[in-house]
Amino acid sequence: MTIATQTKTTAKVISKVELSAKGVKALQAFNKAKEAEAKVKATKAKAEAILRTELGETPNTQATIQGVVVASVVGSKNTSFDRDALKEFLGEEKYNEFLRTTEYTYIKTAN
């Protein structure tokens, strides 16, 4: 028994640019900065975990050092839409009239 599979691919135009010496140095600095950023985020997460253990989650709780307020727990809210429910409520055509897509670029390195 043979199973046939089809793969649909979209052709992408790829441009290649040879980096100058300045570009190579910038790439190295970029990669080092990404590594440093990851380490800093991990350090921040550990520190935040300790602070949350001490402060708890109750808004308006203040942390003090020798009686001076140095940090506080702030309550906040995020709002969002349930896209699937909204699409079902409005219908796909009406939903798509209001849907906005923002295109952007970013640098992705090989490592």
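**Reading a predicted model**

Modeller: Let's start with the largest pocket: its lining divides into five nonpolar residues, one polar and one charged. Keep in mind that this is a predicted model.

Colleague: Which residues line the largest pocket?

Modeller: They are Val-17, Leu-19, Leu-27, Thr-105, Tyr-106, Ile-107 and Lys-108. The space in this pocket comes to about 210 Å³.

Colleague: What makes the lining divide into nonpolar, polar and charged residues in that way?

Modeller: Sort the names by class. Val, Leu, Tyr and Ile count as nonpolar, Lys counts as charged, and Thr falls among the others, which are polar. Therefore Val-17, Leu-19, Leu-27, Tyr-106 and Ile-107 are nonpolar, Thr-105 is polar and Lys-108 is charged.

Colleague: And the second largest pocket: which residues line it?

Modeller: That lining holds Phe-81, Arg-83, Leu-86, Leu-90, Tyr-95, Phe-98 and Leu-99, around a space of about 170 Å³. By class, there are six nonpolar residues, no polar ones and one charged. The charged one is Arg-83, because Arg is in the charged class.

Colleague: Which helix gives the most to the lining of the second largest pocket?

Modeller: Helix α2 does, with three residues. Both α2 (83–90) and α3 (92–98) supply at least two residues each.

Colleague: Let's turn to the helices. How do you know that the span of α1 is close to the expected one?

Modeller: Helix α1, residues 21–55, has 35 residues. The expected span is 1.5 Å times one less than the number of residues, and for α1 this gives 51 Å. From its first C-alpha to its last, α1 reaches 50 Å, which is close to that value. Just after α1 comes Gly-56, with a positive phi of about 80°.

Colleague: Why are β1 and β2 said to pair?

Modeller: Two strands pair if there are at least two bridges between them. Strand β1 (residues 62–65) and strand β2 (residues 68–72) have four bridges, so they pass, and their sense is antiparallel. As one example of a bridge, Ile-65 has Val-68 as its partner in β2. Together β1 and β2 form a hairpin, with two residues between them.

Colleague: Is Gln-66 buried or exposed?

Modeller: Gln-66 sits in the loop between β1 and β2. Its relative accessible area is 81%, and exposed means over 50%, so Gln-66 is exposed. Its phi is also positive, near 50°, although Gln-66 is a residue other than glycine.

Colleague: Why is Asn-60 called exposed?

Modeller: The reasoning runs along similar steps. Asn-60 has a relative accessible area of 68%, over the 50% cut-off, so it counts as exposed. You will find Asn-60 in the loop between α1 and β1, with a positive phi of about 75° even though it is not a glycine.

Colleague: Finally, the whole chain. How many helices and strands does the chain have?

Modeller: There are three helices and two strands, following the pattern α-β-β-α-α along the sequence.

Colleague: What makes you call the chain more spread out than a compact globule?

Modeller: Set two values side by side. The globule rule gives 13 Å for 111 residues, while the radius of gyration is 25 Å, well over that, so the chain is more spread out than a compact globule. Its C-alpha atoms fill a box of roughly 70 × 55 × 40 Å along the principal axes. Of the 111 residues, 5% count as buried, which means their relative accessible area is under 20%.

Note on methods: Residues numbered from 1 in each chain as written. Predicted model: local features only at pLDDT ≥ 70, side-chain atom pairs only at ≥ 80, totals over all residues. Heavy atoms only, no water. 1 Å grid on protein atoms, 1.4 Å probe; cavity = no way out; pocket = protein on both sides within 12 Å on 5 of 7 lines; lining within 4 Å. Points joined across faces, edges and corners; volume = space filled by probe spheres on them. Rg over C-alpha atoms; globule rule 2.2 N^0.38 Å. Buried < 20%, exposed > 50% of the residue type's maximum accessible area, 1.4 Å probe, protein only.
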